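Welcome to a short tour of a protein fold. Take a moment to look over the sequence and turn the structure around before reading on.

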Amino acid sequence: MTSPTTGRPLGVQLFSVLAELHADLHATLAGLRELGFTHVETAGLVGRTPRMLREALDRAGLGCTSAHVALESLVPTGEPDLRSLDAVIDMAGVLGLERLVVPIFPLPARAGGQREGEHILAYFFRAAQMIDADDWRAL
C-alpha cells in the first residue's frame, strides 16, 4: 500500500492496535500486513524485548523505521530499560529504526494545566512560549 500523493509506503502506528497486539501479537501483525501495510511505527515494545519484537515483525513481513520515545528516555539514568539513552540506541539498532520521535516537548510546571475551556493546542502553544533552557536542563 502506497500513498497516492507521494508513492511512499503507508505505515501504521502500533499504538492504534495496542490492545490487539497484547492479545495476539503475531496475528495482529499478520493482519496489518494482510491489509497492505509494509511498515509500522512503534510506541513501546508491547511487553517484548527489542529482539522479540523485531523477530515478530520479520515473521509478519513488516519493517519498523520509527518509534516514539518518551523524552525522559533520552536522559541517561543507568536503568536497564528504555529510560536510558544507551537502551534507546540499542533498541533503535535492533529494530532497524531510521527515526526516533519525541512526541511532546517538556511542559514547564509553571504553565499549569490546561485551563477550563482552553483548546489543547492553545495550551501547548501557551506552555511552549514559557519553555527556556533551564527546562531542558532539568530533564
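When two residues are said to meet or be in contact, some of their heavy atoms lie within 4.5 Å of each other. With that in mind, here is what this predicted model shows.

**The overall plan**

- The chain contains 6 helices and 4 strands.
- If you follow the sequence from start to end, these elements come in the pattern β-α-α-β-α-β-α-β-α-α.
- Of the 139 residues in the chain, 32% count as buried.
- Among contacts with a separation of 6 or more, 57% are between residues 24 or more positions apart.

**The sheet**

- The 4 strands make an open sheet in the order E1-E2-E3-E4, and their pairing is parallel.
- Strand E1 (11-13) and strand E4 (99-101) are the edge strands, so called because each pairs on one side only.
- From one strand to the next, the twist averages 25°.
- E1 and E2 run parallel and are joined by 3 bridges; here Gln13 stands opposite Glu41 in E2.
- Strand E2 (residues 39-42) pairs with strand E3 (residues 63-68) in the parallel sense, over 4 bridges.
- Two of the residue pairs between E2 and E3 are easy to look up: His39 has Gly63 as its bridge partner in E3, and Glu41 has Ser66 as its bridge partner in E3.
- Glu41 is therefore a handy landmark, as Gln13 stands opposite it and Ser66 is its bridge partner in E3.
- As general background, side chains in a regular strand alternate between the two faces of the sheet.

**Helix H2 against helix H3**

- How do helix H2 (residues 25-34) and helix H3 (residues 50-60) pack, and at what angle? The angle is about 45°, and the axes are 9 Å apart.
- H2 is oblique to H3, because an angle of about 45° is not under 35 degrees and does not fall in the 65 to 115 range.
- The crossing of these two helices, H2 and H3, is right-handed.
- On the H2 side, Leu25, His26, Leu29, Ala30 and Arg33 take part, and they meet Leu53, Ala56, Leu57, Arg59 and Ala60 in H3.
- The residues of this contact divide into 7 nonpolar, 1 polar and 2 charged.

**Helix H3 against helix H4**

- H3 also packs with H4, at an angle of about 20° and with the axes 9 Å apart.
- Since angles under 35 degrees count as roughly parallel, H3 and H4 are roughly parallel to each other.
- H3 passes H4 in a right-handed crossing.
- Pro50, Arg51, Leu53, Arg54 and Leu57 in H3 meet Met91, Val94 and Leu95 in H4.
- Sorted by type, the residues of this contact are 6 nonpolar, no polar and 2 charged.
- Leu53 and Leu57 are worth finding on screen: they meet residues of H2 and also residues of H4.

**Helix H4 and Met91**

- H4 lies across E2, E3 and E4, and it runs at about 130° to E4.
- Met91 is found in this helix, H4 (residues 85-95).
- Is Met91 buried or exposed? Met91 is buried, because its relative accessible area of 3% is under the 20% cut-off.
- Met91 is one of the H4 residues that meet H3.
- Met91 and Ala67 are 24 residues apart in sequence, with 9.6 Å between their C-alpha atoms in space.

Note on methods: Residues are numbered from 1 along each chain as its sequence is written. This is a predicted model: local features need pLDDT of at least 70, side-chain atom pairs count only at pLDDT 80 or more; totals for chains, interfaces and linings use all residues. Side-chain values use heavy atoms; hydrogens and water are left out. Buried means under 20% relative accessible area, exposed over 50%, partly exposed in between (1.4 Å probe, protein chains only). Axes are lines fitted to C-alpha atoms, for helices over the stretch in contact, and angles run from 0 to 180 degrees between N-to-C directions. Angles under 35 degrees count as roughly parallel, over 145 as roughly antiparallel, 65 to 115 as roughly perpendicular and the rest as oblique. A crossing is left-handed if the near helix is turned anticlockwise from the far one by less than a right angle, and right-handed if clockwise. Ala, Val, Leu, Ile, Met, Phe, Trp, Tyr, Cys and Pro count as nonpolar, Asp, Glu, Lys and Arg as charged, and the others, Gly among them, as polar.
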